[in-house]
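Grab a pencil and work through these exercises with the viewer open. Try each task yourself before you read its solution.

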Amino acid sequence: MKIAPGKIYLLIAAIVSCAVSNWLPMDQYVREIVLTIGINIILAVSLNLVNGHTGQFSLGHAGFMAIGAYFSAAVTTFWAPQLLPSVDLSSGIAAPLVFLIALLSGALLAAVAGLMIGIPSLRLRGDYLAIATLGFGEIIRVIIQNTDAMGGSRGFSVTNGYTTIFWTFLFAAVTVYVVSNLVNSAYGRGFLAVRDDEVAAESIGVNTTKYKVIAFVLGAFFAGIAGGLYAHFKQYLHPDGFNFIKSIEVVVMVILGGMGSTFGVIAAAIFLSLLPEALRFVPQVYEHLSGNPLPHLIDDLLKNRMLIYSILLIILMLTRPQGIFGGLGGRPAFLFRKKSARADGISA
């Protein structure tokens, strides 16, 4: 894989900016919004590898996020204090090391789960694959909900809040960097070939199942990272936080930004993270300007972001079905324009 120098500078700049922003004065409310944006970027970019660049349709991303969240939380809450009873895990050099080990452990377990579900189910296509991955996500949620060691339906409290702006955007930058370099490499042409025309890719010797499984495993790995960051940010986990609605939220980010557009899904993740918070202030602004409160129907609508997502998707599908940034400045959105898969640089 050839690494472009410009992308190395971009990664270094992202790390430096995150380190500087970690020391800037920021109240708790703004900090939570910024952390949510970073976690959503990781989720959206990782799912874009599967749904956008490889052309599959997965609805189980919340399941991989749940695995990473609960396992990393178990490492920092249960196992690390038992293995290091005399070490202060809340400060010093031990804190970032334990947190990093917990994140990677949760991500690796999520990747193994992605491999286990990917090998049998990624031979499916279209709606059948979506149903299989949706079922997998619900299985993970139900298993967690019935596991007393992880709190079950009561929820699970995480001891330490290790997640910071630095860690969140460091992993966001790494996710963008890895996915962008992978799909633009010679090896990554296989993902694009599977997306553009799976039958044609198979006819020239591309192992389409292998590329789909690799994309699925990498997507699950970074979803596990996002789950670990989320667990040590919220410091409380509940199985209902990882239901199919969470998967739908991430899918909406990918569709809204444009499948296959890394910049687009990042922009959509930022927009959809800020949208619910911006809607909180609409009733206050309206009441201030008009002197009257909003009608109850409109006020309830603004409080339900899934309805807002639905309206946005309907408008988007009518006006720009390929997504906001789909087909701009790069390869067109795969759902609406077909290009022949290039055989050069594709390894079977």
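**Exercise 1.** In which helix is the place of Leu134? Find it, then describe the surroundings of Leu134.

*Solution.* Before we start, this is a predicted model: local features need pLDDT of at least 70, side-chain atom pairs count only at pLDDT 80 or more, and totals for chains, interfaces and linings use all residues. Residues are numbered from 1 along each chain as its sequence is written, and side-chain values use heavy atoms, with hydrogens and water left out.

Step 1: Leu134 sits in helix α5, residues 126-145. Helices (H or I, at least four residues) and strands (E, at least two) are DSSP runs, numbered from the N terminus.

Step 2: Leu134 counts as partly exposed because its relative accessibility is 30%. The cut-offs are: buried under 20% relative accessible area, exposed over 50%, partly exposed in between (1.4 Å probe, protein chains only).

Step 3: Contact means heavy atoms within 4.5 Å. Skipping neighbours within four places in sequence, Leu134 is in contact with Leu59, Gly60 and Phe244. Leu134 and Phe244 are 110 residues apart along the chain, yet 6.9 Å separates their C-alpha atoms.

**Exercise 2.** Is Ser247 buried or exposed? List what Ser247 touches too.

*Solution.* Step 1: look in helix α10, residues 244-257, where Ser247 is found.

Step 2: Ser247 has 3% relative accessibility, so it counts as buried.

Step 3: leaving out residues up to four places away in sequence, Ser247 touches Leu59, Gly60, His61 and Ala62. You've met Leu59 and Gly60 already, as contacts of Leu134.

**Exercise 3.** How far apart are the end C-alpha atoms of α3, and what span should its 23 residues have?

*Solution.* Step 1: the expected span of a helix is 1.5 Å times one less than its number of residues. For the 23 residues of α3 that gives 33 Å, and the end C-alpha atoms are 31 Å apart, which agrees.

Step 2: check for a bend, the angle between axes fitted to the seven residues ending at a residue and the seven starting there. α3 has a kink of about 35°, centred on Val75.

Step 3: count the cover: 17 of the 23 residues of α3 are buried.

**Exercise 4.** Stay in α3 and pick Thr76. Which backbone oxygen does the side chain of Thr76 reach?

*Solution.* Step 1: Thr76 belongs to helix α3, residues 61-83, and it counts as buried because its relative accessibility is 1%.

Step 2: the side chain of Thr76 reaches the backbone oxygen of Ala73 at 3.2 Å. Here's a handy rule: an α-helix has 3.6 residues a turn, so residues three or four places apart point the same way.

Step 3: beyond four places in sequence, the contacts of Thr76 are Pro81, Val98, Ala102, Val158, Tyr162 and His232.

**Exercise 5.** Where is confidence lowest and where is it highest in the protein?

*Solution.* Step 1: pLDDT is the predictor's confidence in each residue, from 0 to 100. The protein averages 80, and 84% of the residues score at least 70.

Step 2: the lowest confidence is in helix α1 (residues 5-21), with a mean of 58, and the highest is in strand β2 (residues 236-237), at 92.

Step 3: look at residues 329-348 too, where pLDDT stays under 50.

Notes: A polar contact is a pair of N or O atoms within 3.5 Å; within protein, one must be able to donate a hydrogen and the other to accept it, and residues adjacent in sequence count only if both atoms are side-chain atoms.
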